[in-house]
Amino acid sequence: MRALVADGRGGVEISEATEPDPGPGEAVVAVRAVSLNRGEVNRTASAPAGSRVGWDVAGEVLVAAADGSGPPVGTRVVGLADSTGWAEHAAVPTSQLAALPGGVTFAAASTLPVAGLTALRALYEASRLDGARVLVTGAAGGVGRLAVQLAYHAGSTVTAVVGSTGRGAGLAELGAAEVVVGMPTSGEYDVVLESVGGASLAAALEMCSTRGLVVSYGCSSGETTTFDVRPFFRRGGARLYGLILFEELTHHGTGDRDLGHLLTELHEGRLDPGIDLELPWAEASTACTALLERRVKGKAVLHLD
């Protein structure tokens, strides 16, 4: 079979690869579409030649799991692979695999595993969302756009933080009550979803409400965070929660159910996948570059031929 691998020069290329060897609780998926995430693209840029990558996959079950779990052969599915998803065939744990409702395309579904599950698990950490004041940094990205929508539909008042006016386009229509360029200098929020790190995380901690929550799930700035802890602990009961998606899924064991929930939201029109770029997988390097240069608002998707 063929797979996208690191070319050793900062890009990716299509190469021959070995077929997956699934464990008892893994299904083999014939991949039709994948979506890109900054984490894996950054990793690919510095990986040795031939390294395999890829998390988000959508396609059809080619080989059902040997232990009888998960969907049968031929089922249209979306799932989260373990760094080998950018390939014609991928082994996916059935605990991270869900069947697509009718009408949901492979492209739309492929946007959900990393971005959707990260947004959903982050919001699940909040004690309440109905009536909550929610701040989402990096709101123009894949996780951010989905988080804005999920929080809005849960009854929250959402403030979306973006890097430029152009990147904020469309977020009000998705549910943001306010779209701001750069971190606010004042205000108080019950839930902050923070992906920038550095000064942005420091500001989030200062604006966290009493018994509020800051969920840190990224550091796109690459900056170290320095902050005065006194305003944070004086809030009383405020929390800083570090979220790593794969650990969350292992701990909670709800990946398949969470994906099912996201697919229902998508199918019923309450979730816009935010696809901004679609290309054939032969043009994967172009998509990776666009993502790293922040020219993608939302998600980039590759179609396998």
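Is Asp272 buried, exposed or partly exposed? Asp272 is partly exposed, at a relative accessible area of 34%. This is a predicted model, and the report below starts with the whole chain before it returns to Asp272.

## Overall build

The protein contains 10 helices and 15 strands. Its radius of gyration is 19 Å, close to the 19 Å that the globule rule gives for 305 residues, so the protein is as compact as a globular protein of that length. The C-alpha trace spans about 55 × 40 × 30 Å along its principal axes.

Of the 305 residues, 53% count as buried. Among contacts with a separation of 6 or more, 69% come from residues 24 or more positions apart. The exposed area is about 12,500 Å². Carbon and sulfur atoms supply 51% of that area.

## Salt bridges

A search of the whole structure returns 15 salt bridges. Three pairs are set out here.

| Pair | Closest N to O distance |
|---|---|
| Arg32 and Glu60 | 3.1 Å |
| Asp272 and Arg145 | 4.0 Å |
| Arg230 and Asp228 | 3.0 Å |

Take Arg32 and Glu60, joined by a salt bridge. The pair links distant parts of the chain, with the partners 28 residues apart. Arg32 lies in strand S3 (residues 26–35) and Glu60 in strand S4 (residues 56–63). Arg32 is partly exposed, with 34% relative accessible area. Glu60 is partly exposed as well, at 28%.

Now back to Asp272, which meets Arg145 in a salt bridge. This pair also links distant parts of the chain, at a separation of 127 residues. Asp272 sits in the loop between helix H9 (255–267) and strand S14 (275–280). Arg145 belongs to helix H4 (residues 142–153). The two ends have unlike surroundings: Asp272 is partly exposed at 34%, whereas Arg145 is buried at 11%.

What does Arg145 touch, apart from residues up to four places away in sequence? Its contacts are Ala139, Ala140, Ala169, Leu171, Leu174, Asp272, Gly274, Lys297 and Gly298. The salt-bridge partner Asp272 is thus on the contact list of Arg145. Why does Arg145 count as buried? Its relative accessibility is 11%, and the cut-off for buried is under 20%.

The third pair is Arg230 with Asp228. Arg230 counts as partly exposed, at 44% relative accessibility. Asp228 is likewise partly exposed, at 33%. Elsewhere, salt bridges that share partners join Arg133, Glu188, Asp190 and Arg235 into one network.

## A nonpolar surface patch

Phe227, Val229 and Phe233 form a nonpolar patch on the surface. Together these residues have about 280 Å² of accessible area. Val229 is found in helix H7 (residues 229–233). At 40% relative accessibility, Val229 counts as partly exposed.

## Cysteines

How many disulfides does the model have? The count is 0. Cys219 shows why: the closest cysteine sulfur, in Cys208, is 18 Å from the sulfur of Cys219, too far for a bond. The cut-off for a disulfide is 2.5 Å between the two sulfur atoms.

Cys219 counts as partly exposed, at 39% relative accessibility. Cys288 is buried, at 9%.

## Ala90

Ala90 lies in strand S6 (residues 89–93). Is Ala90 buried or exposed? Ala90 is buried, with a relative accessible area of 1%.

Leaving aside neighbours within four places in sequence, Ala90 is in contact with Pro20, Ala27, Val28, Val29, Val31, Thr84 and Gly85. Val104 is 14 residues from Ala90 in sequence. In space, the C-alpha atoms of Ala90 and Val104 are 20 Å apart.

Notes: Residues numbered from 1 in each chain as written. Predicted model: local features only at pLDDT ≥ 70, side-chain atom pairs only at ≥ 80, totals over all residues. Heavy atoms only, no water. Buried < 20%, exposed > 50% of the residue type's maximum accessible area, 1.4 Å probe, protein only. Patch = residues over 30% accessible without salt bridge, like charges linked within 9 Å, V, L, I, M, F, W, Y side chains within 5 Å. Areas by Shrake-Rupley, 256 points an atom, 1.4 Å probe, with all protein chains shown as cover. Salt bridge = Lys/Arg side-chain N within 4 Å of Asp/Glu carboxyl O. Helix = DSSP H or I, 4+ residues; strand = E, 2+ residues; numbered from the N terminus. Contact = heavy atoms within 4.5 Å. Rg over C-alpha atoms; globule rule 2.2 N^0.38 Å.
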